[in-house]
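I opened this chain today to look up its folding pattern, its charged pairs, its cysteines and a few single residues. My notes are kept in the order in which I looked.

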Amino acid sequence: MRPTYNEAGCPPTCEEQAEAARILHVDATSIWNALMCCFPATSETRRGQQFVMGQHRVVGPEGQCVGIEQRVTVALPNCGCPEEEPS
């Protein structure tokens, strides 16, 4: 939850802003670490799942919340569809 004005109309303190930024940074780092740690293990191929980590961005605020969008591009395996027989 991001800090906002209090009941008296005063803006958030520097400490409240710093704590909100720290939490957001920890969340972004946790997402990055989880993907880098666990995502390659989702495939049984020799080198694991092939993927590219894209940029992340902060989304929001909406209401009193902010979030993180992390882009990941994944190479999907061939569909294994049977080839059509020539007519």
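The entries below go from the whole chain to single residues.

**Entry 1: the whole chain.** I noted at the start that this is a predicted model. I then looked up the secondary structure and found one helix and two strands, which follow one another along the sequence in the pattern α-β-β. The helix α1 covers residues 14-38, strand β1 covers 51-62, and strand β2 covers 65-74. I asked next what share of the 87 residues counts as buried, and the value came out at 10%. The exposed area of the chain is about 7500 Å², of which carbon and sulfur atoms supply 55%. For contacts between residues at least 6 apart in sequence, I noted that 32% join residues at least 24 apart.

**Entry 2: salt bridges.** How many salt bridges does a search of the whole structure find? I recorded three, and went through them in turn.

I took the pair in the helix to begin with, where E19 forms a salt bridge with R22 and the closest N and O atoms are 2.9 Å apart. Because these two residues are three apart in helix α1, they are separated by about one helical turn. E19 is partly exposed at 36% relative accessibility, and R22 is partly exposed as well, at 46%.

I then turned to the strands, where the side chains of E69 and R57 meet in a salt bridge with an N to O distance of 3.1 Å. E69 lies in strand β2 and R57 in strand β1, so this pair ties together parts of the chain that are twelve residues apart in sequence. The side chain of E69 also meets that of R71 in a salt bridge, at 3.3 Å from N to O. I therefore wrote down R57, E69 and R71 as one network of salt bridges. For accessibility in this network, I noted that E69 is partly exposed at 27% and R57 partly exposed at 41%, whereas R71 counts as exposed at 52%.

**Entry 3: the cysteines.** I wanted to know why C37 and C38 are not joined by a disulfide. A disulfide is a covalent bond between the sulfur atoms of two cysteines. The count of disulfides comes to zero, and C37 is in none, the nearest cysteine sulfur being that of C38 at 3.5 Å. That distance is too far for a bond, because the sulfur atoms of a disulfide have to lie within 2.5 Å of each other. I also looked up how open the two residues are, and found C37 exposed with a relative accessible area of 56%, while C38 counts as partly exposed at 46%.

**Entry 4: Q70.** Is Q70, which I found in strand β2, buried or exposed? Q70 has a relative accessible area of 17% and is buried, since the cut-off for buried is under 20%. A polar atom of the Q70 side chain lies 2.9 Å from the backbone oxygen of G54. Leaving out residues up to four places away in sequence, I listed the residues that Q70 touches as I31, W32, L35, M53, G54, Q55 and H56.

**Entry 5: F39 and H25.** F39 sits in the loop between α1 and β1. I noted its contacts, apart from neighbours within four places in sequence, as A34, Q49, F51 and V74. For F39 and F51, which are twelve residues apart along the chain, the C-alpha atoms are separated by 8.5 Å.

H25 belongs to helix α1, where it is exposed with a relative accessible area of 55%. From H25 to V58 I read 33 residues in sequence and 9.8 Å in space, C-alpha to C-alpha.

**Entry 6: a surface patch.** Which residues form a nonpolar patch on the surface? I found V72, V74 and L76, with about 250 Å² of accessible area together. L76 is in the segment after β2, and at 70% relative accessibility L76 counts as exposed.

Note on methods
Residues numbered from 1 in each chain as written. Predicted model: local features only at pLDDT ≥ 70, side-chain atom pairs only at ≥ 80, totals over all residues. Heavy atoms only, no water. Helix = DSSP H or I, 4+ residues; strand = E, 2+ residues; numbered from the N terminus. Buried < 20%, exposed > 50% of the residue type's maximum accessible area, 1.4 Å probe, protein only. Contact = heavy atoms within 4.5 Å. Areas by Shrake-Rupley, 256 points an atom, 1.4 Å probe, with all protein chains shown as cover. Patch = residues over 30% accessible without salt bridge, like charges linked within 9 Å, V, L, I, M, F, W, Y side chains within 5 Å. Salt bridge = Lys/Arg side-chain N within 4 Å of Asp/Glu carboxyl O. Polar contact = N/O pair within 3.5 Å; in protein donor to acceptor, adjacent residues only side chain to side chain.
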